[in-house]
Amino acid sequence: MVFLIKTLQFILAISLLVFLHEGGHFLFSKLFGVRVNKFYVFFDWKFSLFSTYSNWFRRLRGKAPVEKNEDGSYKYDGTEYGLGWIPLGGYCQIEGMIDETQHDAEKLQAPAQPWEFRAKPAWQRLLIMIGGVLVNFLLALFIYSMVLYTWGDSYVQTKDMTYGMKFNDDAKALGFQDGDILLGTENGQFKEFGADLYRDISVAQTCKVIRQGKEQTINLPGDLDLLKMMKTTPSFVRPLIPAEIDSIAADSPALKAGIQKGDMILAFGDKSVDSWNDINNEIGRLVDALTEAKTGKDSLALRTQNIVVLHKGATAADTTSIVLTEDMKMNVIYKNILGLYEPTKVEYGFLESFPAGIKYGLNILGGYISDLKYVFSADGAKSLGGFGTIGSLFPSTWDWHMFWLMTAFLSIILAFMNILPIPALDGGHVLFLLYEIITRRKPSDKFMIVAEYIGFGILLLLLIVANLNDILRWIGLM
């Protein structure tokens, strides 16, 4: 059921974004009198789920079937609108334009017709090409604005996280200590715990914290590896979650061990712990060791752990034994950040939401662009994700708030990725059009066809790598 909900949200978001992206190209094409042969959401390789050119649909509307050319293609009878069966994108086939849907050299040698893309002035062709990116970018800003108007902005400020943070060994070597409350860097105060906090610390020269009630300044190098900070286990910094039991599932290992709501875990296995961060690290270590277990006896030995518990209201700790589930779980629930702290809530009026949404969206885009440099590293290439990774970002229950945030994020990323100067992407066409406008020389059709093939090959390679990473993660090899 979780997989189905995530998949439906992913398909709905992608359908909306593809429809509006291609709609941007379509709008400017029609505005300048350029013929659009096909407008498809999703790809229709070999066949389509729906087409306005299909005989049954035309008969329903009282129209004759569309005639075909000698090569089997349909003669133009208005734009063919359709729905493909491969939910990986879509396309707007514009007459007289060299792209992944058409690059017939013989046809391009014929004189340009007034309704063709190639017959229009460069500035009109430029607007047609940036139409999709423009729509996706504006859509993202609009969605962010409406999300802030509808739900407002709710977050826990790091300065209010009175339990402080847990740091890994790399962070402690720089001067951080467990329990430090993060305030900010020389570039400004932290808003909340998230990717922006990591980015700020990675480039900062100093970081201010509250330690044992006093403000202190920690000197930093200013060039920390952001990818390493986030991917190292345990990560550079994460909120400290006290090792208190909030609730227990029925018939759980914890309940059988005599653990109750409100109890504090002081030690797990042979290690003292003061937070769920420590406990989860230890459980993660046991999960890794479990893969090496050769017999059921070995597995049971790893799953059986001694824990030290301070029961609620007690003055002395108690040592007990617990047998974890086969997937190494205690089946207990502990409070998250929103359960530990009172969040800051900011409401926006309708007009106020637009500048706030624009600022929010530009911050998301800026963070994404700044992180792109890590893609060209070995670890960055491994972090690439395909459709499985994108789909997994959606919540496991249908949550319209999160759905629209994810849709806006994908829209702004789709806009940026499409404007990259890679042939076969909108940005590649824009690059060649800008060259034509500046030099007043149009690249040859042969060059454009070759560039299109090269660009499509690059995109196909990236697609394979990203989705191969998903498969390797799924089978546990990455």
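## Strand pairing around E9 and E10

Strand E9 (residues 206–211) and strand E10 run antiparallel and are joined by 6 bridges. This comes from a predicted model. Within this pairing, Lys208 faces Thr217 of E10.

Both strands belong to an open sheet of 4 strands. The order is E8-E7-E9-E10, and the pairing is antiparallel. Strand E8 (188–189) and strand E10 (214–219) form the edges, each pairing on one side only. Strands in a sheet pair through backbone hydrogen bonds, in parallel or antiparallel fashion.

## The mixed sheet

An open sheet with mixed pairing also has 4 strands. Here the order reads E2-E3-E1-E4. Its edges are strand E2 (50–51) and strand E4 (86–94), each with pairing on one side only.

Strand E1 (residues 36–43) runs antiparallel to E4, and 6 bridges connect the two. One residue pair can be named: Val41 has Gly90 in E4 as its bridge partner.

## The loop between H14 and H15

Which residues sit in the loop between H14 and H15? Trp398 is one of them. Asp399 is another, placed between helix H14 (387–392) and helix H15 (400–418).

Is Asp399 buried, partly exposed or exposed? Asp399 is partly exposed, because its relative accessible area is 29%, and the partly exposed class lies between the 20% and 50% limits. Trp398 has 36% relative accessibility, so Trp398 also counts as partly exposed.

The side chain of Asp399 has a polar contact with the backbone of His401. A polar atom of that side chain lies 3.0 Å from the backbone nitrogen of His401. The cut-off for such a contact is 3.5 Å.

How far is Asp399 from Gln205? The two are 194 residues apart in sequence. In space, their C-alpha atoms are 39 Å apart.

## A nonpolar surface patch

Trp398 is also part of a nonpolar patch on the surface. The other members are Met1, Leu4, Leu8, Leu12, Trp151 and Trp400. Together the patch residues have about 730 Å² of accessible area.

Which helix gives the largest share of the patch? Helix H1 (residues 2–31) does, with 3 residues. The loop between H14 and H15 contributes Trp398.

How values were computed. Residues numbered from 1 in each chain as written. Predicted model: local features only at pLDDT ≥ 70, side-chain atom pairs only at ≥ 80, totals over all residues. Heavy atoms only, no water. Buried < 20%, exposed > 50% of the residue type's maximum accessible area, 1.4 Å probe, protein only. Polar contact = N/O pair within 3.5 Å; in protein donor to acceptor, adjacent residues only side chain to side chain. Patch = residues over 30% accessible without salt bridge, like charges linked within 9 Å, V, L, I, M, F, W, Y side chains within 5 Å. Areas by Shrake-Rupley, 256 points an atom, 1.4 Å probe, with all protein chains shown as cover. Salt bridge = Lys/Arg side-chain N within 4 Å of Asp/Glu carboxyl O. Pairing = 2+ DSSP bridges.
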